[in-house]
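Okay, thanks for coming, everyone. Let me put the model up on the screen and then we'll walk around it together.

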Amino acid sequence: MTRRDRDRDRDRGEAAAQLVIITPILVLLIFLAVQAAIYFHAANVAAAAASQGAAAASPRTAGAGDGVSAAQQLMADLGADSTGAPVVVIGGGFVTVTVTVDVPRIVPFFPDSVSRTALEPQERFVPETDR
């Protein structure tokens, strides 16, 4: 038996062993990438809903209910799930809307929800004489 034949016999099965080691790592990386995409999509939906709610509640004649309904409508249109209603705070000349969106999890250690807050100035009336 030549040295070349002995080296070939010794390397036999090495590719299968490498494949067994690398496959779970690749699957985990794919799951992490998909989970990150789901998380960032939920964050974008929460930010858009908070912004929409703040814009709807900022006119002088609008109220907190208008902001809540606008944020909930956008979340429903985008297919987002939420455990609680958006929180609208009007005061100090500003409207603040906080929206929490549930994140579907496929990897156990990612957060199960994401919150985003939007701040808009509240519309105010300035008489002509004060301009």
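So, start at Ser58, which touches Val95, Glu120, Pro121, Gln122 and Glu123, leaving out residues up to four places away in sequence; a touch or contact here means heavy atoms within 4.5 Å. Ser58 is found in the loop between H2 and H3. Helices (H or I, at least four residues) and strands (E, at least two) are DSSP runs, numbered from the N terminus. Buried or exposed, this Ser58? It counts as buried, at 10% relative accessibility. For the cut-offs, buried is under 20% relative accessible area, exposed is over 50%, and partly exposed is in between, with a 1.4 Å probe and protein chains only.

Quick housekeeping. This is a predicted model, where local features need pLDDT of at least 70 and side-chain atom pairs count only at pLDDT 80 or more, while totals for chains, interfaces and linings use all residues. Residues are numbered from 1 along each chain as its sequence is written, and side-chain values use heavy atoms, with hydrogens and water left out.

Now the strands. S1 (residues 87-91) and S2 (residues 94-102) run antiparallel and are joined by 5 bridges; two strands count as paired if DSSP finds at least two bridges between them. They make a hairpin with 2 residues between them, and Gly92 in that turn has a positive phi of about 70 degrees. Want to trace the pairing on screen? Ile90 has Val95 as its bridge partner in S2, and Val88 has Val97. On to S3: S2 pairs with S3 in the antiparallel sense too, over 9 bridges. Val99, for instance, has Arg116 as its bridge partner in S3.

Which S2 side chains are buried? Val95, Val97, Val99 and Val101, and they point to one face. Phe94, Thr96, Thr98, Thr100 and Asp102 point to the other face and are not buried. That's the textbook pattern, because in a regular strand the side chains alternate between the two faces of the sheet.

What sits with those valines? The largest nonpolar core has 24 residues, and the ones with the most contacts inside it are Ala49, Met75, Val88, Val97, Val99, Val101 and Val114. A nonpolar core, by the way, is a set of buried Ala, Val, Leu, Ile, Met, Phe, Trp, Tyr and Cys residues joined through side-chain atoms within 4.5 Å. The elements giving two or more residues to this core are helix H2 (14-57), helix H3 (64-78), S2 and strand S3 (113-121). H2 gives the most, with 9 residues. Click on Val99: leaving aside neighbours within four places in sequence, its contacts include Ala46, Ala49, Ala50, Ala71, Met75 and Val114.

Let's go along H2. Gly53 lies in this helix and is buried, with a relative accessible area of 0%. Beyond its neighbours within four places in sequence, Gly53 is in contact with Gly67, Ala70, Ala71 and Val97. Gly53 and Ala118 are 65 residues apart in sequence, yet 8.3 Å apart in space, C-alpha to C-alpha.

Ala43 is in H2 as well, and counts as buried at 5% relative accessibility. It touches Val114 and Arg116, not counting residues up to four places away in sequence.

Next, the loop between S2 and S3, where you'll find Val107. Val107 is buried, with a relative accessible area of 4%. Its contacts, leaving aside neighbours within four places in sequence, are Phe31, Leu32 and Gln35.

Last stop, Ile21, which lies in helix H2. Why does Ile21 count as exposed? Because its relative accessible area is 60%. Ile21 is part of a nonpolar surface patch with Leu19, Ile22, Ile25, Leu26 and Leu29, about 590 Å² of accessible area together. Those areas come from the Shrake-Rupley method with a 1.4 Å probe, and for residues only the protein chains shown count as cover. Patch residues have over 30% relative accessible area and no salt bridge; like charges are joined within 9 Å, and nonpolar side chains (Val, Leu, Ile, Met, Phe, Trp, Tyr) within 5 Å. A salt bridge means a side-chain nitrogen of Lys or Arg within 4 Å of a carboxyl oxygen of Asp or Glu.
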